[in-house]
Amino acid sequence: MTVLEKGNITIHTENIFPIIKKSLYTDHEIFLRELISNAVDAISKLKMASLAGEVSGEISEPEIVIAVDKDNKTLSISDNGIGMTTDEIKKYINQVAFSSAEEFIQKYQKDANELIGHFGLGFYSAFMVAKQVEIDTLSYKEGAQAVHWSCDGSPEFQLTESSRTQVGTTITLTLMDEEQEYLEPQRIRQLVKTYSDFITVPIKFENEAINKQKALWKESAQNLTDEDYLEFYRYLHPFQEDPLLWVHLNTDYPYLLNGILYFPKLRPDVDVSQGHIKLFCNQVFVNDHCEEIIPDFLMPLRGVIDSPDIPLNVSRSALTNHRTVRSIANHIAKKIADRLNSIYTETPEEYIKCWQDVGTFVKYGSLKDDKFKKQVEDILIYKTTYKAEETAPKTETETPEIQVEAEGDVWQNVEKENTENQGEFSYEKASYTTLPAYLERNKERHENRVFYCTDTNTQATYVELYKNQGLEILFMDSFIDTNYFIPFLEKEYSEVKFSRVDSELDNTLLQEDKSNEIVDPTTNKTRSEQIKELFEIALNKPQVNIKTEALKSDTPQNTPAAMVLLPEAMRRFREMMAMSQQQIMDFPEEHVLVINTTHPLIENIYQLSQGSIIQAGGDSPSAEMAKMLCQHVYDLALMAQKGLDADGMKSFVERSNQVLTRLTK
C-alpha cells in the first residue's frame, strides 16, 4: 500500500466555537453552574497554595459574589480565589479545553476530588448566553499584574492591563437580547438553588448568601439525628409524607461515593418507573435523571448521590456507560439490603410498616438480581392467618440474665429496656411470617404444601373454610406475587407445592364418614350422586365439572352451599396467556363446581326435587323451583369468584325475582 501523505489533524477555533455555543450544552442555564464551579476551584487552589506556604499573609474568607446590571445588561460572577497571570490566561483561556485543574493537581499532588472542573470547557458555556465575555483577574503571586481579557464569541480576543486590586477573578457577561431572563433576581436565586446550593463557599447575591452551603451527605452519619435526615428530605421534597427509611452512603474504595437515599411512602402520584435521585459531582448538581446508577427495582428511591468518580460526558450533563456505574448500582442495592436486614432484626414493627410499600420492590429485586436475592431472602415476609399467642408478662421475681462484654470490662444487661420492648412484638404476633417459618410450623399437617390467597374479597369464603379447620393461609395478593413471584418461589423451593385456596379442597376440609350415603333402591344411586345429577340437569353446562363433597363444620349453615374451584395449572396457564396478549383474563368456562352436601340449603333442594311429580305438560312447580334454586346456588358461587358476566348477572336478577315471588305466594 502506497502512503500518499501523512500529517496532523488541525482543529480551528472557527469550528470549535459554534459547537460549544450550540451543541455542547443542552440547557443554556448551565452556564451559571459552570462559572460558579470555576470560582469554587479558584478558591480551592488558593487554599492549597496557602497550605504549601506559597501565599504571603492571611487569605480572606472565601466568597463568590453575583451581581446584575440591568441598564448595561451585564451579569458578573466574582471570586477571591487564586487569580490568573497573563501567561495563565493565555494558557488556560485561549487554549480551548485545556483544563488547569489537571495540571494543578499534578503540581500539588492533591486529590482530584478537591477540585470540580476537569474538562476545561465550562468557561466557554458563557458564550451560549453572552455576546461578550470579559475577565478581570489578579494572581496571588508576588508582583503579579492585573489582567483584563475580553472576547465577543469570535476566535479573536483582547488582552490588556486591568485596574483590579483584589486577588481573584471577575467574569462579566454582556447578555444577548434573548437571554435577558438571567438579569432577573428570582431567576438567579433559582439557578443557584438548583445547581450550587450545597457548595461550601457562600454565594452572595443582593447582600446575602443564597446557597444552603451544608451538604448533609458529606457529614458523618454518627453526627446526624433522625430529625436531620427528615428535615433534609423535606427540603428536597416539600409537601411530601415523611419517608419510610433512608440509607447514608459513604465509601472511598474502589470509588468515592457519598449520598443519602430515601424510600418514600408510596402514593398514587408517585411514578415508580421514573428516577428521583439528584446526581452531584463534588456538591455541584449534575442532573436528576440518573436511572443507570439505580437498579430498576429501586426506582422509587429519592435523595442525592455525589461522586467525582461517576463518568460524565464532556458537558457534565449525563452519565456515560461505564463499569463504575454498574458497580455503584450494585453497591446501592447492597446498602438497601443491609438497611432492610437491620430494620428486620432490630424493629419488627417498623419493618412491617415499611414492607407494605417496600415489599413489592424487594420481591422484584429478588427476581432481577441474584446477589440482591441472597441478601434479602431471609427477610421476605408474608401476611398470614396465623397469629402467635401472647406470652405471659415477666414477673418481678424473674432476674434478667447478665453477661460481661468481651472487651472494655463493661457490664450490661442482655435484656435492656428497649430489647424487652422489642421482645413484646414479633412478626408472628402481628400475623406475619417468613416462608421457612410457615413450612416448619405446618410440616406435621401438610408438609411441603403452601396454601395461599391472592384476593381477600373473592376468596374470603375459601380462606374462612381453611381457617376453621386450623389450616394456615399466606396472603400473596400483589401483582408481582400472582404473576411472577409464586413461580419464582416454586423454583427456589422445588419440593414445595403452592395451592391457591380456590384451586382445590384439601382433604382436611372434607368429611371422610360416608355412612349417610345410603343407596336409593329405586334408582340404585347414592344421595350424593342424585344431588350431582340434579345440578347437572338444572345447569345444563357440560363444561362445568360438578362434584359433591361434605365440608367439615360444626355449623353447616355457615359454610358455603357451593363453591367454584379453578384448578391451579389450568388457571395459571390462562393467566399467562392473558398476560402475554395484554388482555384481561375472562372467567374460564371450564371450572369445578363443588356442591356442599352437608349444607341445609342443598338438603332442602334435594328433598324438594324428590317430592316433585312430573306432570304431562312438563315439570311440576316443585321441580321447577328445585331447578331454579340449583341455578341460583351456582350463580352465588360464581359471584363469590366475580365470575358472572353482564348476561349472567341479568339472568340472576330475573331468577331472584321469580324465586322470591313464588316463595311469597
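Contact here means heavy atoms within 4.5 Å. Keep that cut-off handy for the exercises below, which work through a predicted model.

**Exercise 1. Get an overview: how many helices and strands does the protein have, and what share of its residues counts as buried?**

Solution. Start with the secondary structure: there are 19 helices and 25 strands. Next, burial: of the 665 residues, 47% count as buried. Then take the surface, which comes to about 35,300 Å², with 48% of it belonging to carbon and sulfur atoms. Finally, look at sequence separation. Among contacts with a separation of 6 or more, 69% are between residues 24 or more positions apart.

**Exercise 2. Work out the strand order of the open eight-stranded sheet, and say which strands sit at its edges.**

Solution. Reading across, the order is E5-E4-E3-E6-E2-E1-E7-E8, and the pairing is mixed. The edge strands are E5 (157–161) and E8 (208–209), each of which pairs on one side only.

Now for what packs on this sheet. Helix H3 (residues 86–93) touches E3, E4 (147–151) and E5, and its direction makes about 30° with that of E4. Helix H5 (residues 185–195) lies across E1, E2, E7 and E8, running at about 170° to E7.

**Exercise 3. Take strand E1 and find its partners: which one runs parallel and which antiparallel?**

Solution. A general reminder first: strands of a sheet pair through backbone hydrogen bonds, either parallel or antiparallel.

- Step one, the parallel side. E1 (residues 64–69) pairs with E7 (residues 203–205) in the parallel sense over three bridges. On that side, Ile66 stands opposite Phe205.
- Step two, the antiparallel side. E1 and E2 (residues 74–79) are joined by six bridges. Here Ile64 faces Asp79 as its opposite number.
- Step three, the connection. E1 and E2 make a hairpin with four residues between them, and Lys73 in the turn has a positive phi of about 60°.

For another antiparallel pair in the sheet, try E3 (residues 130–138) and E6 (residues 168–175), which are joined by eight bridges. Leu138 has Gly168 as its bridge partner in E6.

**Exercise 4. Do the same for the open three-stranded sheet: what is its order, and which helix packs on it?**

Solution. The order is E23-E25-E24, again with mixed pairing. E23 (544–549) and E24 (562–565) are the edge strands, each pairing on one side only. Neighbouring strands in this sheet are turned by 25° against each other on average, if you ignore direction.

Zoom in on one pair: E23 and E25 (residues 591–596) run parallel and share six bridges. Within that pair, Asn545 stands opposite Val592. The packing helix is H18, which touches E23, E24 and E25, with its direction at about 50° to that of E24.

**Exercise 5. Stay with H18 and find the nonpolar surface patch: which residues form it, and which helices supply them?**

Solution. The patch consists of Leu636, Met639, Met649 and Val653, with about 310 Å² of accessible area together. Helices H18 (621–640) and H19 (646–663) each supply at least two of the patch residues.

Check one member. Leu636 is found in H18. It counts as partly exposed because its relative accessibility is 43%, and that class lies between the 20% and 50% cut-offs.

**Exercise 6. Compare two single residues, Ile473 and Glu291: is each buried, partly exposed or exposed?**

Solution. Take Ile473 first. This residue is found in strand E19 (residues 473–475). Ile473 counts as buried because its relative accessibility is 0%, and the cut-off for buried is under 20%.

Who surrounds Ile473? Leaving aside neighbours within four places in sequence, Ile473 is in contact with Lys383, Thr384, Thr385, Phe451, Tyr452, Cys453, Val463, Tyr466 and Val501. In addition, the C-alpha atoms of Ile473 and Tyr386 are separated by 7.5 Å, although these two are 87 residues apart along the chain.

Now Glu291. This residue lies in the loop between strand E12 (284–287) and strand E13 (302–306). Glu291 has a relative accessible area of 26%, so it is partly exposed. Along the chain, Glu291 and Gln274 are 17 residues apart, and their C-alpha atoms are separated by 7.7 Å.

Key. Residues are numbered from 1 along each chain as its sequence is written. This is a predicted model: local features need pLDDT of at least 70, side-chain atom pairs count only at pLDDT 80 or more; totals for chains, interfaces and linings use all residues. Side-chain values use heavy atoms; hydrogens and water are left out. Two strands pair if DSSP finds at least two bridges between them. Patches are made of residues with over 30% relative accessible area and no salt bridge: like charges are joined within 9 Å, nonpolar side chains (Val, Leu, Ile, Met, Phe, Trp, Tyr) within 5 Å. Accessible areas come from the Shrake-Rupley method with a 1.4 Å probe; for residues, only the protein chains shown count as cover. A salt bridge is a side-chain nitrogen of Lys or Arg within 4 Å of a carboxyl oxygen of Asp or Glu. Buried means under 20% relative accessible area, exposed over 50%, partly exposed in between (1.4 Å probe, protein chains only). Axes are lines fitted to C-alpha atoms, for helices over the stretch in contact, and angles run from 0 to 180 degrees between N-to-C directions.
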